[in-house]
Amino acid sequence: MIIDTHAHYDDEQFDEDREEILGKMQDAGIGMIMDAGSTILSWDKIVKLTEEYPFVYGAIGVHPDEVGNLDETQFARMERLLDKEKIKAVGEIGLDYYYDFSPRELQQFWFRQQLRLAESVNKPVIIHSRDASQETFDIIKSSPVRRGVIHCYSGAWQMAKDYVDMGFFIGVGGVVTFSNAKKLVEVVDKIPIEKILIETDSPYLAPNPNRGKRNDSRNLQFVVEKIAEIKKLSPEDVAKITFDNAKSLFF
């Protein structure tokens, strides 16, 4: 069985066939799915998915592009939702300097606030970082949070090692199968398999041979196979170890 540690089945791209797609997961060997929050509007959808599907769990957080919609009222609501049994993490949270949809100072403020919340409710974090590697690392290092995953990791292997040394897992998805993913391949090669989580970021970032199509958790087989090739392990061993890794963090 495989755990998809980061997906967005609340996304509107699944509105027409969500039930059909999720109905195929367990026959495809997908044992659990973590649906990560990105917007305030996603929260209720995620809670509903966790109630409707026994194998779907959730994370509640606000993506850095969306923190302009956060205020103290919504932040208090976020804390209440984190009390729910099937909400297992705070995320996805972090920094995104690629588009700068939210002012950088505001991103940093709410990133720190959400890290503090994770610490207070004793839940792991799911970290998003794009074009802000050092700033993300510095803010995390200055916080007391030491449980979580760096989602869709895109940095150098040395920083990945620093995250692992702090107690974090490295999230690896479909990008590892791309021909231009040399940096991520090096990360997977050098980081212990016991510190790797597999993820899809569905409906985004489908792996080869389905790159460019809508992604879903069934494509994790290609991620598992690529990691197995890099680590010189069997796909079965990669699936089992990453399953155990995810359970140790979230469940």
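This report walks through the sheet, the helix packing and a few unusual backbone spots of the structure above. Keep in mind that the model is predicted.

**The sheet**

A good place to start is the open sheet, which is formed by eight strands in the order S1-S2-S3-S4-S5-S6-S7-S8, with parallel pairing. Strand S1 (2-7) and strand S8 (196-198) stand at the edges with a single partner strand each, so one side of each has no neighbour in the sheet. On average, neighbouring strands of this sheet are turned by 30° against each other, direction ignored.

Let us look at one pair in more detail. Strand S2 (residues 30-36) pairs with strand S3 (residues 56-60) in the parallel sense, over four bridges. Ile 33 stands opposite Val 56 in S3, and Asp 35 has Gly 58 of S3 as its bridge partner.

Is S3 itself mostly covered or mostly open? It is mostly covered, as five of its five residues are buried. You can check this on both faces of S3: Val 56, Gly 58 and Ile 60 are buried on one side, while Tyr 57 and Ala 59 are buried on the other. Val 56 and Gly 58 thus appear twice in this picture, as buried residues of S3 and as the residues facing Ile 33 and Asp 35.

**How the helices pack**

Three helix pairs are set side by side below.

| Helix pair | Axis distance | Angle |
|---|---|---|
| H3 (residues 72-81) and H4 (residues 104-121) | within 11 Å | roughly 30° |
| H5 and H6 (residues 157-166) | 12 Å | about 15° |
| H8 (residues 220-231) and H9 (residues 235-250) | within 8 Å | roughly 110° |

Take H3 and H4, whose axes cross at roughly 30°. That angle makes H3 roughly parallel to H4, and H3 passes H4 in a right-handed crossing. On the H3 side the contact is made by Glu 72, Phe 75, Met 78 and Glu 79, and on the H4 side by Trp 110, Gln 113, Gln 114, Leu 117 and Val 121. Sorted by class, the contact of H3 with H4 has five nonpolar, two polar and two charged residues. H4 also links this part of the picture to the sheet: it lies across strand S4 (87-96) and S5, running at about 160° to S4.

For H5 and H6, the packing angle is about 15°. H5 is therefore roughly parallel to H6, and the crossing of the two is left-handed. Which residues meet here? From H5 come Ser 133, Gln 134, Thr 136, Phe 137, Ile 140 and Lys 141, and they meet Met 159, Asp 162, Tyr 163 and Met 166 in H6. By class, the contact of H5 with H6 has five nonpolar, three polar and two charged residues.

In the pair H8 and H9, the axes cross at roughly 110°. This makes H8 roughly perpendicular to H9. Val 224, Ile 227 and Ala 228 of H8 make the contact with Pro 235, Val 238 and Ala 239 of H9. The residues of this contact divide into six nonpolar, no polar and no charged.

**Backbone spots to look at**

Most residues other than glycine have a negative phi, and most peptide bonds are trans. Here are some places that depart from these habits.

Asp 131 is found in the loop between strand S5 (125-130) and helix H5 (133-141). Although Asp 131 is not a glycine, it has a positive phi of about 55°. Is Asp 131 buried or exposed? Asp 131 is exposed, because its relative accessible area of 53% is over the 50% cut-off. Leaving aside residues up to four places away in sequence, Asp 131 touches Tyr 97 and Tyr 98. Asp 131 and Asp 96 are 35 residues apart in sequence, yet 6.3 Å apart in space, C-alpha to C-alpha.

Asp 100 lies in the loop between S4 and H4. The phi of Asp 100 is also positive, near 55°. Asp 100 is partly exposed, with a relative accessible area of 34%.

Finally, look at the loop between S8 and H8, where Pro 203 lies and where Pro 209 lies too. A cis peptide bond joins Ser 202 and Pro 203, with omega about 10°. The peptide bond from Asn 208 to Pro 209 is cis as well, with omega near 15°.

Terms used. Residues are numbered from 1 along each chain as its sequence is written. This is a predicted model: local features need pLDDT of at least 70, side-chain atom pairs count only at pLDDT 80 or more; totals for chains, interfaces and linings use all residues. Side-chain values use heavy atoms; hydrogens and water are left out. Buried means under 20% relative accessible area, exposed over 50%, partly exposed in between (1.4 Å probe, protein chains only). Contact means heavy atoms within 4.5 Å. Axes are lines fitted to C-alpha atoms, for helices over the stretch in contact, and angles run from 0 to 180 degrees between N-to-C directions. Angles under 35 degrees count as roughly parallel, over 145 as roughly antiparallel, 65 to 115 as roughly perpendicular and the rest as oblique. A crossing is left-handed if the near helix is turned anticlockwise from the far one by less than a right angle, and right-handed if clockwise. Ala, Val, Leu, Ile, Met, Phe, Trp, Tyr, Cys and Pro count as nonpolar, Asp, Glu, Lys and Arg as charged, and the others, Gly among them, as polar. Two strands pair if DSSP finds at least two bridges between them.
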